[in-house]
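Dear colleague,

I am handing over the structure below, and my notes on it follow. Please read them next to the coordinates.

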Amino acid sequence: MAIRVLPSQIIEMLASRRHRLRHFLWHAVRGAWNNPQLTDEVKAFIRDKGWGLPNDRAPLDPERKLILDNHSGEDFLYMHRQMIKEVGELLEQLGEQPLTSWRSIPKPGEHPDFALPPAWTYNDPSESAATNAAMTARLQRVKSDAYFRDTIATWESFYTNPANLAQLSLGALGNLLEMTIHNNLHMRWASVPIGYMPSPNFEDTRDIDPKWDAASYDYLGDTYSSHVNPIFWYLHGWVNSCIDRWATANRVSEIAWIGTWTGKLEDGWTHGAPEALTASVRREAMGGRGHGHAGHEQDDEDIREMEAIVRKLGSCKVVRNFYDVLRD
């Protein structure tokens, strides 16, 4: 089967600046929260804007070691499950077929429709020649057949084994999935980007250029763009299925979620049942654009606040992305 391309209304919604910023910021705040370079002043600013982590629930400690017992991995699983749920609801409203996902991770040469995009020579103008060369070599390794056989297949076997799942909390599973197989699958299926969006980690921090809001910017290696790429939904569908495998292995009929953080709560949302997408972009995706000037003002204010947080994070040089696995 050919890779599913979502309807234009949904692509427009996912590529909107407001939703791009939400996805980018959700990942950036979690990844930066315990970084020693993130100042108390910037943390206070983020909290004041409604984007602080509940109970300081970050996936990494100050030494960038995984924390497995604070439910932050549930946040990762829950937020992306909400994204899948909401896109599924929009597809149903449009009379479209539901999302499909990988039942297993495509093996080299066995699934022509999911053939790997080739590696490319990493040429980020903001990086040194040595860093670009090292990232190119790492990218080639992540995309190799040997990497699938020796690393990805091993991870997949571990995360689908009921005996292993029965030994893990849901939060531990989420953090392990995110920081191992998930991040590397993003880079394994990434295609050469249409350009390298500048990292916010510069002294002269600026807003993200609106040119990166074009629907054609769907680079899987960047949290600002990955969810616009059709492969995202197959990859995260597989991750989402790990939740159900975990529930079965642990004989859990209904998950009592603790980690339900999807970013700043918006009007009408409540803790424990927030949406991962914004109400306004959902309305616009379904043609409900006439929702009043006040709604536009609120949307604009949200965008300005998120841009301000990105600048603050960038000033501390703490923003990380999927492509950073190529540096590690």
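**Overall make-up**

The secondary structure of the protein consists of 11 helices and 0 strands. This is a predicted model, and the values below are computed from it. Read from the N terminus, the order of elements is α-α-α-α-α-α-α-α-α-α-α. The protein has 328 residues, and 52% of them are buried. If one takes the contacts between residues at least 6 apart in sequence, 78% join residues at least 24 apart.

**Nonpolar core**

The largest nonpolar core contains 85 residues. Within this core, the residues with the most contacts are Y122, L177, M187, W238 and L313. Helix α9 provides the largest share of the core, with 11 residues.

L313 is worth a look in the viewer. Apart from neighbours within four places in sequence, L313 is in contact with L25, A28, V29, A32, L38, I46, N201, V318 and V319.

**Pocket and cavities**

The largest pocket has a volume of about 400 Å³. It is lined by 23 residues, and those closest to its centre are R64, M179, N183, R320 and N321. Helices α2 (17–32) and α8 each supply at least two residues of this lining. The most comes from α2, which gives 5 residues. Sorted by class, the lining of the largest pocket has 10 nonpolar, 6 polar and 7 charged residues.

Searching the whole structure gives 4 cavities of 30 Å³ or more. The volume of the largest cavity is about 60 Å³. Its lining is formed by Y122, D124, G195, Y196, M197, Y217, Y219, D222 and Y323. Of these lining residues, 6 are nonpolar, 1 is polar and 2 are charged. Y122 thus appears in two places in these notes: in the lining of the largest cavity, and among the residues with the most contacts inside the largest nonpolar core.

**Salt bridges**

Side chains of opposite charge can pair when their charged atoms come close. The count for this model comes to 16 salt bridges, and three of the pairs are described here.

- D75 and R57 meet through their side chains in a salt bridge, at 2.8 Å from N to O. D75 lies in helix α4 (residues 72–93) and R57 in the loop between α3 (40–48) and α4, so the pair ties together parts that are 18 residues apart in sequence. Both D75 and R57 are buried.
- E305 and K264 form a salt bridge between their side chains, at 3.1 Å from N to O. This pair links distant parts of the chain, with E305 in helix α11 (residues 293–315) and K264 in the loop between α9 and α10 (279–285), 41 residues apart. E305 counts as buried because its relative accessibility is 16%, and the cut-off for buried is under 20%.
- R327 pairs with D324 in a salt bridge whose closest N and O atoms are 2.4 Å apart. R327 has a relative accessible area of 37% and is therefore partly exposed. D324 has a relative accessible area of 6%, so D324 is buried.

The E305 and K264 side chains also belong to a network of salt bridges that links R18, K264, D302 and E305.

**Two single residues**

S226 is located in the loop between α8 (170–188) and α9. With a relative accessible area of 0%, S226 is buried. Leaving out neighbours within four places in sequence, its contacts are H23, H186, Y219, L220, F232 and F322. One of these contacts, Y219, is also a lining residue of the largest cavity.

A249 is placed in helix α9 (residues 230–249). Is A249 buried or partly exposed? Its relative accessibility is 22%, so A249 counts as partly exposed; the range for that class starts where buried, under 20%, ends. When residues up to four places away in sequence are not counted, A249 touches P162, L165 and A166. A249 and T160 are 89 residues apart in sequence, while their C-alpha atoms are 9.7 Å apart in space.

Regards

Terms used: Residues are numbered from 1 along each chain as its sequence is written. This is a predicted model: local features need pLDDT of at least 70, side-chain atom pairs count only at pLDDT 80 or more; totals for chains, interfaces and linings use all residues. Side-chain values use heavy atoms; hydrogens and water are left out. Helices (H or I, at least four residues) and strands (E, at least two) are DSSP runs, numbered from the N terminus. Buried means under 20% relative accessible area, exposed over 50%, partly exposed in between (1.4 Å probe, protein chains only). Contact means heavy atoms within 4.5 Å. On a 1 Å grid over the protein atoms alone, a cavity is a set of points where a 1.4 Å probe fits but cannot get out, and a pocket is an open set with protein on both sides within 12 Å along at least five of seven lines; lining residues have an atom within 4 Å of a point. Grid points are joined across faces, edges and corners, and a volume is the space filled by probe spheres set on the points. Ala, Val, Leu, Ile, Met, Phe, Trp, Tyr, Cys and Pro count as nonpolar, Asp, Glu, Lys and Arg as charged, and the others, Gly among them, as polar. A salt bridge is a side-chain nitrogen of Lys or Arg within 4 Å of a carboxyl oxygen of Asp or Glu. A nonpolar core is a set of buried Ala, Val, Leu, Ile, Met, Phe, Trp, Tyr and Cys residues joined through side-chain atoms within 4.5 Å.
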